[in-house]
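Okay, thanks for coming, everyone. I'd like to walk you through one model today, mostly its charged pairs and its cysteines. Here it is on the screen.

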Amino acid sequence: MHTNNDTNNKKVSNRSKYINSKRKGKVFELECANFLKQFGFDTRRGVQYAGGFDSPDVVGVPGWHIECKRAKARIALHQAWEQIDRDRNNKMPGMLLWRVDRGEIHLDIRLSDLENLLQTFNNASKNKGSA
């Protein structure tokens with residue numbers, strides 16, 4: 001028998017999953033920002049409420065739009081790159097940091113952006129050494 005209380009429990013359960021998902025996303029964004037700091041970048045979480053060019057998940061790597069994705073089992077990479085392309089508005093190269101639960105962090109960029117990424121990290125390393 002289906003009761004009104006069952007319906008309320010499902011609503012709370014769905015909202016709880018959404019909140020946990022948002023919290024896990026925030027924690028992963030902070031983890032990515034902290035990881036990038038070891039290379040000399042002054043990184044932090046981006047402004048999450050705005051959406052678009054001015055609100056990547058992580059800011060502080062000059063000239064790069066960074067998105068972070070975390071999932072239980074599988075990342076929809078194609079959809080993630082569609083979001084990056086839409087949000088960055090072709091103004092800068094995109095970087096995708098992603099992982100599935102209990103897995104390693106992966107870095108995705110376009111191969112055509114590899115030289116730019118290496119130069120960016122090289123510059124940060126030089127600045128870190130002189131600071």
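Let's fix the vocabulary: buried means under 20% relative accessible area, exposed means over 50%, and partly exposed is in between, with a 1.4 Å probe and protein chains only. This is a predicted model, so local features need pLDDT of at least 70 and side-chain atom pairs count only at pLDDT 80 or more, while totals for chains, interfaces and linings use all residues. Residues are numbered from 1 along each chain as its sequence is written, and side-chain values use heavy atoms, with hydrogens and water left out.

Salt bridges, then. I call it a salt bridge when a side-chain nitrogen of Lys or Arg sits within 4 Å of a carboxyl oxygen of Asp or Glu. The structure holds six of them. Take Asp-85 and Arg-110, at 2.8 Å, N to O. That pair links distant parts of the chain, 25 residues apart: Asp-85 is in helix H2 (residues 77-88), and Arg-110 is in the loop between S5 and H3. Helices (H or I, at least four residues) and strands (E, at least two) are DSSP runs, numbered from the N terminus. Asp-85 comes out partly exposed at 28%, and Arg-110 is partly exposed too, at 29%.

Another one is Arg-45 with Glu-29, closest N and O atoms 2.7 Å apart. Here strand S1 (residues 44-45) is tied to helix H1 (residues 4-37). Glu-29 is buried, at 7%, whereas Arg-45 is partly exposed, at 25%.

Now, what does Asp-101 pair with in a salt bridge? With Arg-70, at 3.0 Å between the closest N and O atoms. Asp-101 sits in the loop between S4 and S5, and Arg-70 in strand S3 (residues 65-71), 31 residues away. Asp-101 is buried at 14%, while Arg-70 is partly exposed at 28%. Salt bridges with shared partners join Lys-24, Arg-70 and Asp-101 into one network.

On to the cysteines. How many disulfides do we get, if a disulfide is a pair of cysteine sulfur atoms within 2.5 Å? Zero. For Cys-32, the nearest cysteine sulfur is that of Cys-68, 3.8 Å away. Why no bond for Cys-68? Because that 3.8 Å to the sulfur of Cys-32 is too far. Both cysteines are buried, Cys-32 at 2% and Cys-68 at 7%.

Definitions and conventions. Disulfide = S-S within 2.5 Å.
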